[in-house]
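Hi everyone, thanks for coming. Please have the sequence and the structure open while I talk, and stop me whenever something is unclear.

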Amino acid sequence: MDNKGQSSDKEKKTKKKTVSLAIWTLLWVLSVALAAFGHELFWGSNNLINTLVILLNFGIGIGMIIANIKHLRELDEMLQKVHLESMGISLGLAVVGGISYSMLDATNVIPFDAEIAGVIVLIGLSYLVSLLINLRRYK
Amino acid sequence: MKNRLKVLRAERDWTQADLAKALDVSRQTVNAIENGKYDPSLPLAFSIARLFDKQIEEIFDDEE
């Protein structure tokens, strides 16, 4: 067999899509920061700029979702299974945990407001942990 | 599911990366199949059989 030891085309393509997803995610995080703090730091309560920045954030978010789909499609069948299982777990935890968190706030059990950021952190961490556990399972 | 993938690969002196490249999958997937941790889909099993010029049942054994 030729090309001994070289990484497969699949791995090269997957790496390319992973880099693309990382760039889109970074852009999205930066656009969230701009939308959240820009009016406090730069342009004040200018509604036109706020709307444009939020639309930009939304557009970049759509780009990130498309990059995520392309990344998932580029993975081989086992890695797709690993990622989809991890996504299922984090989605389930986000719904169940998010509702519980919201009810803790609604019933005043917690002394602070339930923020969406808490759910985002839960999604991110649960996805990361379940991905690592699933990857280990197939080693 | 048991399989003879590791033996067949070794007979040809291929690395897992070589086999992964030939099958257009990741090296992790080849490793998981060889270790019996992951059962390939039917299309991938056919690709493996075609690559080694064997019948699927000559490579995979469905007995646990």
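Let's start at Ile33(B). Which residues does Ile33(B) contact, once we leave aside its neighbours within four places in sequence? There are Asn3(B) and Leu5(B), and also Tyr38(B) and Pro40(B). Before I go on, please keep in mind that what you see is a predicted model.

Ile33(B) also belongs to the largest nonpolar core, which has 15 residues. Together with Met78(A), Ala20(B), Leu23(B) and Val30(B), Ile33(B) is among those touching the most other members. And which elements give two or more residues to this core? From chain A comes helix 3 (77-106), and from chain B come helix 2 (16-23) and helix 3 (27-34).

That takes us over to helix 3 of chain A. This helix has 30 residues and reaches 43 Å from its first C-alpha to its last, close to the 44 Å expected at 1.5 Å a residue. Its buried residues are Met78(A), Leu79(A), Val82(A), Ser86(A) and Ser90(A). Here is a handy rule for looking at a list like that. An α-helix has 3.6 residues a turn, so residues three or four places apart point the same way. What do the buried residues of helix 3 of chain A pack against? They have two partners: helix 4 (116-137) of chain A and helix 3 of chain B. After helix 3 of chain A comes Asn108(A), with a positive phi near 60 degrees.

Let's stay in chain A for a moment. The domain assignment splits this chain into domain 1 (8-75) and domain 2 (76-139), and the centres of these domains, taken over C-alpha atoms, are 20 Å apart. A nice residue to click on here is Leu72(A), in helix 2 (residues 47-74) of chain A. Is Leu72(A) buried or exposed? It falls in between: Leu72(A) is partly exposed, because it has 15 other C-beta atoms within 10 Å, and a buried residue would need 20 or more. Not counting residues up to four places away in sequence, Leu72(A) touches Gln80(A) and His83(A). Leu84(A) is twelve residues away from Leu72(A) in sequence, and their C-alpha atoms are 8.5 Å apart.

How confident is the predictor in chain A? The mean pLDDT of this chain is 92, and 94% of its residues reach 70 or more. Among its elements, helix 2 has the highest mean, 96, and helix 1 (residues 9-43) the lowest, 92.

Now back to chain B as a whole. It has five helices and two strands, running β-α-α-α-α-α-β from the N terminus on. Its radius of gyration is 10 Å, close to the 11 Å that the globule rule gives for 64 residues, so chain B is as compact as a globular protein of that length. Buried residues make up 28% of the chain. Of the contacts in chain B between residues at least 6 apart in sequence, 52% join residues at least 24 apart.

Last stop, two loops in chain B. Asp13(B) lies in the loop between helix 1 (5-11) and helix 2, and its phi is positive, near 60 degrees. Asp53(B), in the loop between helix 4 (42-51) and helix 5 (56-59), has a positive phi near 55 degrees. Why is Asp53(B) called exposed? Because Asp53(B) has 8 other C-beta atoms within 10 Å, and 12 or fewer counts as exposed. Asp13(B), with 9, is exposed too.

Notes
Residues are numbered from 1 along each chain as its sequence is written. Chains are lettered from A and ligands numbered from 1 in the order in which they are written. This is a predicted model: local features need pLDDT of at least 70, side-chain atom pairs count only at pLDDT 80 or more; totals for chains, interfaces and linings use all residues. Helices (H or I, at least four residues) and strands (E, at least two) are DSSP runs, numbered from the N terminus. Two residues are in contact if their C-beta atoms, placed from the backbone, lie within 7 Å. The radius of gyration is taken over C-alpha atoms; the globule rule is 2.2 Å times the number of residues to the power 0.38. Domain bounds come from an automatic or database domain assignment. A nonpolar core is a set of buried Ala, Val, Leu, Ile, Met, Phe, Trp, Tyr and Cys residues joined through C-beta atoms within 7 Å. pLDDT is the predictor's confidence in each residue, from 0 to 100. The expected span of a helix is 1.5 Å times one less than its number of residues.
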